[in-house]
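Student: I should like to examine how the descriptive terms applied to a model follow from its computed values. May we go through them in turn?

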Amino acid sequence: MDNAMPTNGINHVLSREDGPFGIDEVAKNFGVTPRTLRFYEQRGLVSPERVNRRRVYKECHIRRLEYVLGQVALGFTLTEIKARLDEARGDHLPNLRTDEIETQLALLKSQKEKLSESIDALMRLRQVLTALDRDMTQT
């Protein structure tokens, strides 16, 4: 099975052969901010090399960032992603297990239901307030 994770919403065009890349170029191509990349580095999710004081992203860093962003797109927390990466060996990027997928699906479905309930409640409240405003302006 391929270790590549879905990267929905990630529109990168970095050619791995053209690397290494600086933080601004990586951020732009992945649709994130340099601050996000620095935060991921601080959390131990990516560890670009340093040349002088400049962060340098090589192919292995790009692959790891693709993995992290793919996991984020699937709704996993950075803590969960870090734990999964810590369990991996070397540059190997871990595959999701079926039980992890099932647990994540259940969590996201529950969150979706709660969001739907909140949206419905807010829409009802908006209707009540709109009716009250209408009544207030008519009197």
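**From values to terms**

Tutor: The accessible surface of this protein, a predicted model, comes to about 9800 Å², and carbon and sulfur atoms account for 52% of that area. Five helices and two strands are present, and from the N terminus on the elements follow the order α-α-β-β-α-α-α. Of the 139 residues, 29% count as buried.

Student: Why is Leu129 called partly exposed?

Tutor: The relative accessible area of Leu129 is 44%. Buried requires a value under 20% and exposed a value over 50%. Leu129 therefore falls in between and is termed partly exposed. This residue lies in helix 5, which spans residues 98-138.

Student: What makes Leu129 eligible for a surface patch?

Tutor: A patch residue needs over 30% relative accessible area, and Leu129 has 44%, so Leu129 passes that cut-off. With Leu122, Leu125, Val128 and Leu132, Leu129 forms a nonpolar patch on the surface, and together the five have about 460 Å² of accessible area.

Student: Why does Asn52 count as exposed?

Tutor: Exposed means over 50%; Asn52 has a relative accessibility of 76%, and therefore counts as exposed. Asn52 is found in the loop between strand 1 (49-51) and strand 2 (54-56).

Student: What is notable about the phi of Asn52?

Tutor: Phi of Asn52 is near 60°, a positive value in a residue other than glycine. Most residues other than glycine have a negative phi.

Student: Among contacts between residues at least 6 apart in sequence, what percentage joins residues at least 24 apart?

Tutor: The share of such contacts is 55%.

Methods:
Residues are numbered from 1 along each chain as its sequence is written. This is a predicted model: local features need pLDDT of at least 70, side-chain atom pairs count only at pLDDT 80 or more; totals for chains, interfaces and linings use all residues. Side-chain values use heavy atoms; hydrogens and water are left out. Patches are made of residues with over 30% relative accessible area and no salt bridge: like charges are joined within 9 Å, nonpolar side chains (Val, Leu, Ile, Met, Phe, Trp, Tyr) within 5 Å. Accessible areas come from the Shrake-Rupley method with a 1.4 Å probe; for residues, only the protein chains shown count as cover. A salt bridge is a side-chain nitrogen of Lys or Arg within 4 Å of a carboxyl oxygen of Asp or Glu. Helices (H or I, at least four residues) and strands (E, at least two) are DSSP runs, numbered from the N terminus. Buried means under 20% relative accessible area, exposed over 50%, partly exposed in between (1.4 Å probe, protein chains only). Contact means heavy atoms within 4.5 Å.
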